[in-house]
Structure formats: C-alpha cells, structure tokens
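Work through the exercises below with the model open. Try each task before reading its solution.

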Amino acid sequence: MKLFALLLEQLVYSSSRNQKIRHLITYFSQEKDPDRGFAVAAIAGTLQIPNITSSVIRKLIEDRVDPELFRLSYDYVGDLAETVSLVWPSNITSENISLYAATNTLASSSRSDAPKTLAMLLDRLGQSERFALLKLITGGLRVGVSARLLKIALGKFGNKNVIDIEELWFGLTPPYTDLFEWLEGKAKLPNVDRALLFRPVMLAHPIVKNDLKSMSAKEFIAEWKWDGVRVQAIAYKNQSRLYTRTGEDISRSFPDVLDQINWQGVIDGELLVVQKNTVQPFEQLQKRLGRKKPTKQILDQYPAHIMAYDILENNREDLRSLTFLERRRHLEEWFALERPKRISLSEIISVSKWSDLTKYRDLCRLHGYEGLVLKRRQSPYLVGRKKGHWYKWKRDPLSAECILMYAKRGHGKRSSYYSDYTFGCWSNNNDNTLMPVGKAYSGYTDDDLLRLDKYVRDNTTERFGPVRSINPSLVLEIAFDAVQFSNRHKSGIAMRFPRIKRVRWDKPANEADSVEKLRQMVDQSAFVKI
Amino acid sequence: MNDKYSWLRQGTKGLVCTPGKFVIDPIQPTDLAVITHGHADHARSGHRHIIATPETIAIMRARYKDIRKESTTPLDFGVAKKINDVEIRFASAGHILGSAQVVIDYRGTRVVVSGDYKRRADPSCEPFELVPCNLFITEATFGLPVFSHPPADTEVLKLLNSLKKFPDKTHLVGVYALGKCQRLLCHIRKHGYTEPIFIHGAMRPLCDLYKSFGYELGELVQVTSRVKKITAGKIVVCPPSAIAEKWSRGFVSPMTCLASGWMRIRQRVKQRQIELPLIISDHADWYELTTTVREVGAKDIWVTHGQEEALVHYAQTIGLNSAPLSLQT
C-alpha cells in the first residue's frame with residue numbers, strides 16, 4: 001500500500017494532466033497485481049469498501065490520544081482523516097500491507113468488529129498509508145483524476161488505444177487483472193460480452209474562422225445543437241443502459257427514460273428535460289444529474305427525454321461503418337417502426353450555401369439552441385474527434401463588462417502569474433457594492449497576461465494564500481455563452497463558459513454592468529416545441 | 001505568575017534578564033543583546049552591544065553591514081561568562097550554523113532558553129546539547145502532535161527521484177536562505193549528487209559564509225536569465241517567495257518544490273500551490289519537543305514561539321508547571 005499512498009500524494013499535488021499520467025504509469029509498472037487493479041478501482045470509484053463513519057474513527061483516536069491534544073490538532077488541520085493519520089500512535093517501522101489485504105480484511109469483518117479491525121490496520125501502517133486507508137473508507141480520494149484520465153494513463157502504459165479500453169471498461173471488474181495482462185502483452189484482449197457496453201462516441205470540432213470557406217455546404221447537413229447532455233442509450237434483450245459521452249453509466253438516475261425502452265439497439269442523442277412537449281432549460285436537467293435515486297416528485301417535475309440523432313446498432317447489426325445518410329435512414333425506419341416513447345428525432349436542416357445556414361444560426365439564441373452541428377453526409381461513425389467530419393458552430397457569445405475583484409496564481413508555467421480572475425458587477429441595490437458573478441482564466445493574450453499580472457500586484461488590497469483581493473477599478477469585457485439563474489451563487493446567476501474577451505484599460509469602473517443587466521440576459525427562450 | 005523567576009520577564013523588547021541587564025533576541029534596539037542565532041526574527045540590527053557565538057556574529061555581520069566588530073563579544077559553546085550578576089554560557093541548539101541555547105545561572109538556579117532547536121542530525125551544524133535545568137523556556141513552532149518530521153534523507157530522495165522521473169522539468173526548490181538552504185545542499189551532496197546546483201542571488205553570501213566555516217556545498221551556479229534555459233532536470237534553490245515572483249519566469253517547465261516542516265499539512269501544500277513538498281524542518285517536531293521537555297528535568301516549562309497551547313497542556317499532564325511565555329510579563 002506504500003506505493004498506492006505515494007501515488008495519491010503525487011496525484012493530489014500535480015498540477016498538470018501529463019504529470020498525473022506519468023505518475024500513474026510509473027505506479028502501474030511498479031505495483032504488482034492485484035493491488036494495482038484495486039488502486040485503479042479506488043481512483044475510478046468502483047472499489048467496494050465498507051463505510052466506517054467519522055464518529056467511529058473519532059472514538060478510536062480519542063481512546064488513544066489525549067482528547068484535548070486531538071481537538072487542537074483537528075482544529076489546526078481541519079480534515080479528520082488527515083489529523084487521525086498524523087496523530088495515530090505508531091511504530092517507527094511500518095509494515096507494507098497490500099491494498100488488497102487491507103480492504104479485504106475490513107470487508108470480511110463484521111459490522112461490530114470493523115472498528116477493531118481498522119485500529120489493528122492503522123497500528124501496522126505508516127502515516128501516508130493510514131491517510132490513504134482513512135480516505136478510502138470515509139469516501140472520496142479527491143485526487144483530481146477522472147475516469148477518462150485514468151483510461152488514458154492505462155492506454156499509455158500498455159501502448160494501447162484508449163478507445164479500446166473505453167469499449168471494454170464496463171465489462172471488466174476489479175482488480176482488472178485481465179486488463180493488465182492484455183496491456184502488458186501477456187494475453188489477448190479480455191473477452192467480455194459487449195452488448196451492453198458503452199461505444200465510444202464521435203465528436204465534433206469547433207468551426208474556426210475560415211473553415212466554412214473550404215467546405216461545400218452541399219456535402220453537409222446541419223442539426224440543432226441542443227443544450228443538454230450527450231448520451232448513448234443501449235438496449236439488448238431485457239436490459240438497457242444510459243451512458244454519458246465519457247462512458248459514465250447514468251442509468252440509475254434516469255429510470256423514466258429506460259423504463260420505456262422496448263427496442264434493441266444503440267442510439268446516440270441528447271438528454272433533455274421535456275415538459276408538455278416543450279424543451280426546458282439546462283438548469284432543470286441539472287436537477288436530475290447526479291441524483292442516484294430520483295424521487296417520484298423529481299421525476300414528475302423534470303421528465304427526461306432523448307433527442308435522437310444517430311443509430312449505431314439496430315438488432316445487433318453494427319451500423320457504424322455506414323455513411324451518415326444511410327444511418328439516418330436506418331434511424332428513421334427504426335423510429336417509424338418502434339415509435340419509441342420519450343424519444344424524438346433530431347431535425348435535419350439542409351442548405352445549399354452557407355449563407356442560408358447563417359439565418360438558422362441567428363435564430364439559435366431566440367430558441368435556446370447552443371448552435372448548430374454540421375455533419376458530412378458521407379462520413380461513417382468515427383470514434384473521437386476526427387477532423388473534417390463533424391463540426392459544431394456555436395451561436396455568438398454574449399458579453400458584459402465586469403470588474404476585476406480577485407486574482408489567483410496559476411499552476412505550472414503560470415505559477416508566477418496571477419492568471420485566474422474573479423470578476424463582479426454592481427449590485428442591484430444601488431449601494432455601490434460589487435457582487436462576484438464569475439471566474440475566467442482564458443481568452444487573454446500573453447501580453448494581456450503580463451500587464452494583468454502587474455496590475456494585480458500593483459493594486460492588491462488584501463491577500464489570502466494564493467488569492468489577492470484587488471482594488472476594484474479595472475473593467476474586463478467578458479464573453480460567455482449564456483447566463484442562468486442559480487441559487488448556488490450569491491449573485492443569483494451563473495455564467496456558462498466565461499472567458500476574457502478584452503481588457504478595458506480605458507474604461508472607468510462605474511461604467512461596468514450591473515447584476516440586474518446580467519439577470520435580464522438569462523435565457524428565457526427555451527420554449528421549443530417538439 | 002511565578003515569583004521564583006521574577007528576574008526573567010517578557011518585556012516589550014524581548015525576554016529580559018534583569019540581574020544580567022541584557023535582553024535575549026530583542027525585537028527592538030537595546031544596550032546589551034544576547035542573540036541565540038542568525039535568523040532575522042531573532043537577530044536584528046541596531047543593538048549597542050551583542051553577545052553571540054562567533055558563527056552567529058559572522059552571519060549577522062554578513063547580513064547587516066552596520067555591525068562593527070567592537071560592538072560584539074563572541075562566545076564559544078561551553079565557555080562561561082559573567083555578565084553583571086549572572087553567568088551565562090551557550091549550548092548548541094542544532095538549529096542552524098552557530099545556533100545556541102542560552103544557559104543562565106543565577107543564585108543557584110539554572111534557566112535554559114532554547115532559542116530555536118532540533119534534535120536530529122544536521123550535516124550543516126553542531127548537534128543539540130541537552131542541558132539539565134530548573135526552568136526550560138522552549139520554542140514550540142511545531143507544537144502539535146500532527147507534526148512529525150520524517151528523516152531528511154527520505155525527503156531528499158523524493159527530490160532526487162523526481163529529477164529522474166521528470167528530467168524535462170526545472171525543480172524550483174523554495175528554502176530559507178540561511179540554514180535550510182545549506183542543510184539541503186549538504187544532504188543532497190551526501191546522496192552523491194554532483195551536478196551543479198543553481199542558486200538564487202540571495203543565497204550566495206550565506207553559502208559563501210558556510211563554505212568559509214568548512215562546509216562542502218559542491219558546485220553552485222548563480223541563476224541568470226541565460227542560465228534559466230539550461231536548468232531542465234536540475235535543482236534550482238531560491239527563497240520561498242521567489243517561486244511566486246517574476247524571478248521564476250523563464251525557467252524551462254518549472255516544478256514547484258518547498259522544503260519546510262509546514263509541508264506536513266496537505267492544505268498548506270495546496271494553498272501554496274506546491275507540487276513537490278519536502279518535509280524538512282530546522283525545528284523540533286512534536287516528538288522532539290516532548291522528549292526534550294521530559295529530558296531536561298526542569299520543574300518549570302515556559303513555552304513560546306508557535307503552538308504554545310498544546311505543549312503547555314502536555315507539560316501539565318506530566319506534572320510540570322507550565323505556561324506560555326507571553327504570560328510572564
């Protein structure tokens with residue numbers, strides 16, 4: 001478990017993706033089976049481990065350490081697992097208990113014995129390993145590694161395509177010994193029943209300036225880009241699954257969609273909340289996401305729906321090598337035959353020249369579409385973001401003039417620059433106070449960054465660790481895709497995809513926008529009937 | 001609070017010894033200052049006369065140009081000296097080069113003022129000397145049970161392993177210019193690392209001073225803008241603040257490291273945006289503090305500089321009279 005504990009430490013402090021990948025690869029090559037597989041499961045969140053409550057852990061430590069000293073320590077550190085791991089009385093020589101042995105010992109002890117077993121383990125482990133174990137059983141390693149990043153690292157470790165790993169992933173279980181054997185070239189691709197497994201999805205490139213000039217409108221069709229969540233719905237025999245585009249299984253959160261499935265195949269589409277045939281704004285869908293067991297009330301209030309735009313398989317026939325137009329014909333036939341509930345067909349927009357499409361794009365904001373997606377008529381379904389096939393052409397962003405309020409130092413190359421900015425607008429109460437409305441750390445040029453960094457250093461009023469509070473006088477023009485109401489923020493609104501468009505060195509702060517103006521920009525337009 | 005030691009009190013200038021007519025580590029200019037060691041929060045300029053170890057005086061003279069030789073009295077470790085009505089001597093504190101505990105004998109009572117200290121081995125200074133006494137005034141920078149410093153060697157290995165794993169990255173290591181810097185360099189050299197080590201300009205004078213006292217630091221190259229292009233896979237040491245300053249721009253792919261006892265706490269590491277924390281401290285950790293409090297055999301323990309509350313509580317639970325020094329006014 002020593003290597004695992006070290007890995008967690010390295011991951012949590014690494015600022016860049018590449019650094020994390022390198023640490024993971026080193027770990028995979030140094031650690032033995034089955035521990036490395038259990039580590040993968042721990043990071044991916046697929047490891048089954050008995051949950052022991054913090055109050056039990058507190059009791060254990062207070063039996064061993066002066067409660068007053070523990071209290072002072074906990075006050076200082078602020079994290080229970082960390083405090084306990086640090087003050088737990090220990091031998092200088094710790095044992096190297098494997099992650100498997102530790103978790104297995106815990107899992108096989110009865111509920112009443114679990115605290116005693118845990119104490120026995122903590123006695124034998126070193127500090128870093130105690131921390132790792134305590135974090136595992138209290139839930140949440142928080143090392144900043146997504147399932148996707150983990151798969152990329154596994155792919156690089158075994159010199160294999162990440163797509164193959166994604167395809168397999170949900171057919172495998174911890175400790176993933178078969179996966180590692182294949183990655184190390186010792187065995188063939190693990191044989192799993194793939195019927196219900198996630199199929200990696202085809203993604204679109206953003207349109208940049210002159211892209212359209214070199215493309216012929218006649219070779220493409222367009223579809224609305226819906227503001228929902230890209231999903232893949234799979235049905236085989238009597239089972240069905242719903243995945244996000246990264247392969248996360250969200251079936252349990254959306255029983256209303258899955259219960260209606262009585263067909264067989266793989267559908268690619270956008271998950272939306274549709275109330276009385278009207279598409280609802282994204283915030284409503286957010287109420288459904290991450291809810292493992294939605295209540296009846298939630299299901300009634302925010303009914304889910306899929307806008308289908310592609311079919312990958314029909315009755316176990318793989319359609320991915322067909323052209324878009326052929327697949328579309330299959331999709332329409334399937335739709336006509338099955339008449340699936342809670343699924344609609346995405347509308348096809350066909351134009352002969354790009355200028356005609358511009359008119360559609362101009363309608364996007366009014367109707368609440370994020371923009372358009374262009375698909376080449378002759379392209380097969382290609383995994384990943386291949387150039388030249390699918391494009392997303394987003395609607396023009398909104399913009400507002402905000403005031404720089406806080407700045408935070410960046411990471412890695414930017415660690416000596418104040419590069420992350422929090423900005424605000426004037427509050428609605430006319431009392432000359434500023435309300436933070438968003439954060440941005442992109443959009444500016446290198447020259448802007450140099451000047452902004454100097455400005456931050458010269459205009460600091462207070463410091464809190466890596467954050468500086470700035471004399472509110474600099475106006476930033478912020479571009480963003482949309483504004484939404486949000487009760488998570490004090491301002492009552494949240495911006496989507498904000499970035500710095502321009503720094504208005506010339507503009508006086510009192511001419512910046514108000515929170516009220518931003519509220520008026522909230523999308524009220526999502527009334528598309530389907 | 002304790003009449004027995006009313007001749008020692010915490011005044012506005014610092015810890016005042018009335019019968020000796022001196023102040024220990026005064027924070028304001030005073031007539032007679034007894035200085036435990038060269039760190040700036042203990043050794044300030046502007047005193048009329050200074051008593052300290054020869055090493056500490058050398059450090060102070062390197063840092064403050066206005067200290068004249070005539071206004072200093074060097075006192076070697078173990079040599080007793082009568083000052084007015086008391087007798088003092090210095091005992092090594094093991095904190096940095098020249099760091100001393102002040103042993104004061106007055107009317108049959110012995111008081112030891114620890115200054116900053118640590119008990120573990122340090123290749124860049126003399127080891128700590130345990131001096132039995134009646135009253136021990138201890139620092140408590142890391143006075144909480146959460147602070148246990150790992151062996152410095154394992155931390156240095158972390159750094160050397162990272163250089164191997166990330167040969168494309170410049171390892172920018174934040175360290176205090178006095179003491180920690182030279183200690184880290186000694187440890188790194190002990191591990192057989194012979195590459196040139198790059199240093200921030202602020203490190204230069206004190207590294208030279210350590211060399212003049214016979215410490216081997218190996219080849220040191222001062223950082224210039226030209227040098228920044230060739231530091232990938234190498235060690236660059238600088239003051240902790242420089243990592244966040246403009247000085248650190250231009251290095252090839254920097255990886256931020258910091259050598260400090262505070263690196264034990266994850267939140268501190270995250271807050272300072274450190275990618276490779278090295279838990280190396282010049283101060284005693286909780287184990288060393290509590291061991292020392294027991295071993296000096298003093299009935300009275302006063303605690304200062306840091307997390308006083310926990311150490312006072314500990315000393316009381318083992319039956320000693322203990323209070324924070326700040327209350328002794």
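The exercises cover cavities, cores, helices and backbone geometry.

This is a predicted model, in which local features need pLDDT of at least 70, side-chain atom pairs count only at pLDDT 80 or more, and totals for chains, interfaces and linings use all residues. Residues are numbered from 1 along each chain as its sequence is written, chains are lettered from A and ligands numbered from 1 in the order in which they are written, and side-chain values use heavy atoms, with hydrogens and water left out.

**Exercise 1. Describe the second largest cavity and its lining.**

Step 1. Fix the term. On a 1 Å grid over the protein atoms alone, a cavity is a set of points where a 1.4 Å probe fits but cannot get out; lining residues have an atom within 4 Å of a point.

Step 2. Search the whole structure. Two cavities of 30 Å³ or more are found. The second largest has a volume of about 50 Å³, the volume being the space filled by probe spheres set on the points, which are joined across faces, edges and corners.

Step 3. List the lining. It consists of A:A195, A:R199, A:I234, A:A235, A:Y236, A:Q264, A:G265, A:V266, A:E313 and A:R316. Two elements of chain A give two or more residues each: β3 (229-236) and β5 (265-275). Helices (H or I, at least four residues) and strands (E, at least two) are DSSP runs, numbered from the N terminus. The largest share, three residues, comes from β3(A).

**Exercise 2. Find the members of the largest nonpolar core that touch the most others.**

Step 1. Define the core. It is a set of buried Ala, Val, Leu, Ile, Met, Phe, Trp, Tyr and Cys residues joined through side-chain atoms within 4.5 Å. Buried means under 20% relative accessible area, exposed over 50%, partly exposed in between (1.4 Å probe, protein chains only).

Step 2. Rank the members. Of 114 residues, A:F4, A:F28 and A:L118 touch the most other members. Helix α1 (residues 2-13) of chain A gives the largest share, seven residues.

Step 3. Look for another core. A second, separate one has 36 residues, including B:L97, B:I199, B:C207 and B:A259.

Step 4. Inspect A:F28. Beyond its neighbours within four places in sequence, A:F28 is in contact (heavy atoms within 4.5 Å) with A:R36, A:V40, A:L150, A:A153, A:L154, A:F157 and A:F180.

**Exercise 3. How many residues of helix α6 (residues 80-87) of chain A are buried, and what do they pack against?**

Step 1. Count. Eight of its eight residues are buried.

Step 2. Find the partners. In chain A they are α4 (54-62), α5 (67-77) and α9. Chain B adds its own α5 (266-271).

Step 3. Turn to α9. A:E129 sits in this helix, residues 127-138 of chain A. Is A:E129 buried or exposed? A:E129 counts as buried because its relative accessibility is 6%. Leaving aside neighbours within four places in sequence, A:E129 is in contact with A:M1, A:K2, A:A5 and A:S94.

**Exercise 4. Locate unusual backbone geometry.**

Step 1. Recall the background. Most residues other than glycine have a negative phi, and most peptide bonds are trans.

Step 2. Check the prolines. The bond from A:D33 to A:P34 is cis, with omega near 0 degrees. A:P34 is in the loop between α2 (17-30) and α3 (35-44) of chain A. A:P174 and A:P175 are also joined by a cis bond, with omega about 5 degrees.

Step 3. Check phi. A:K276 has a positive value near 45 degrees. A:K276 is exposed, with a relative accessible area of 72%. For B:N84, phi is near 50 degrees. B:N84 is partly exposed, at 38%.

Conventions. 1 Å grid on protein atoms, 1.4 Å probe; cavity = no way out; pocket = protein on both sides within 12 Å on 5 of 7 lines; lining within 4 Å.
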